[in-house]
Amino acid sequence: MTTGMQIVREETRRMLRGMAPLTLIAFGVFVLAGCDPVQAGVSLLLGACYSLLLFRMIGKSAAKAALFPPAQGIRIVRRGYFFRYVLTGVMVFAAIKAPFIQPLAAILPLFFPKVILLWSTAVQKKGG
């Protein structure tokens, strides 16, 4: 039997496999656009790591909430949601204010999980 945390680990690994090529493609676009390669690379890596961390936090929160009665599970999910939003606000503010980070390159990876999930849904084989 697969536990909630095993599913979270598997999905996080799948997300990492999807984020790596997207990060490389974004890096190429930033370099071709004339951005400093080191600054763009560091910013993309930090953003991708943060995005992966957020994805894992969502999974852990959902897995934990499933173990409790519905009312308590809803509170667990809401608390995690609020905490992730606050962390994201701090991250975006830091990306804008830090001189060594390219803000767009740091914020862009926040959209990678959505792109990966949409892509995997679109190419998923129908039926058995």
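Helix H5 comprises 12 residues and spans 16 Å from its first C-alpha to its last, close to the 16 Å expected at 1.5 Å a residue. Its buried residues are Phe112, Pro113 and Ile116. Viewed down the axis of H5, these buried residues fall within an arc of 100 degrees, so they line one face of the helix. The face of H5 turned away from that buried side bears the exposed residues Lys114, Leu118, Thr121 and Ala122. The structure described here is a predicted model.

**The largest pocket**

H5, which covers residues 112-123, also takes part in the lining of the largest pocket. Helix H2 (37-65) and helix H3 (70-97) contribute as well, and each of the three helices supplies at least two residues of this lining. The largest share, 5 residues, comes from H2. About 440 Å³ of space lies in the pocket.

In total, 13 residues line the largest pocket. By character, the lining divides into 8 nonpolar, 3 polar and 2 charged residues. Those that lie nearest the centre of the pocket are Leu54, Ile58, Tyr85, Thr88 and Leu110.

**Two residues near the pocket centre**

Ile58, one of the residues nearest the centre of the pocket, has its place in helix H2. The C-alpha atoms of Ile58 and Val77 are separated by 8.2 Å, and the two residues stand 19 residues apart along the chain.

Tyr85, also among the residues nearest the pocket centre, lies in helix H3 together with Tyr81. The two tyrosines are 4 residues apart, about one turn of the helix. A search of the whole structure finds 1 aromatic pair. Tyr81 and Tyr85 form that pair, with 4.9 Å centre to centre and 70 degrees between the planes. The arrangement of Tyr81 and Tyr85 is edge-to-face, because the angle of 70 degrees between their planes is over the cut-off of 60.

**Exposure of selected residues**

The table gives the relative accessible area of three residues discussed above.

| Residue | Relative accessible area | Class |
|---|---|---|
| Ile58 | 41% | partly exposed |
| Tyr81 | 47% | partly exposed |
| Tyr85 | 54% | exposed |

Tyr85 counts as exposed because its relative accessible area is 54%, and the class begins over 50%. Tyr81, with 47%, is partly exposed, and Ile58, with 41%, is likewise partly exposed.

How values were computed: Residues are numbered from 1 along each chain as its sequence is written. This is a predicted model: local features need pLDDT of at least 70, side-chain atom pairs count only at pLDDT 80 or more; totals for chains, interfaces and linings use all residues. Side-chain values use heavy atoms; hydrogens and water are left out. On a 1 Å grid over the protein atoms alone, a cavity is a set of points where a 1.4 Å probe fits but cannot get out, and a pocket is an open set with protein on both sides within 12 Å along at least five of seven lines; lining residues have an atom within 4 Å of a point. Grid points are joined across faces, edges and corners, and a volume is the space filled by probe spheres set on the points. Ala, Val, Leu, Ile, Met, Phe, Trp, Tyr, Cys and Pro count as nonpolar, Asp, Glu, Lys and Arg as charged, and the others, Gly among them, as polar. Rings of Phe, Tyr and Trp (its six-membered ring) pair if their centres lie within 6.5 Å; planes under 30 degrees apart count as stacked, over 60 as edge-to-face and the rest as tilted. Buried means under 20% relative accessible area, exposed over 50%, partly exposed in between (1.4 Å probe, protein chains only). The expected span of a helix is 1.5 Å times one less than its number of residues. The arc is that of the directions from the helix axis to the C-beta atoms.
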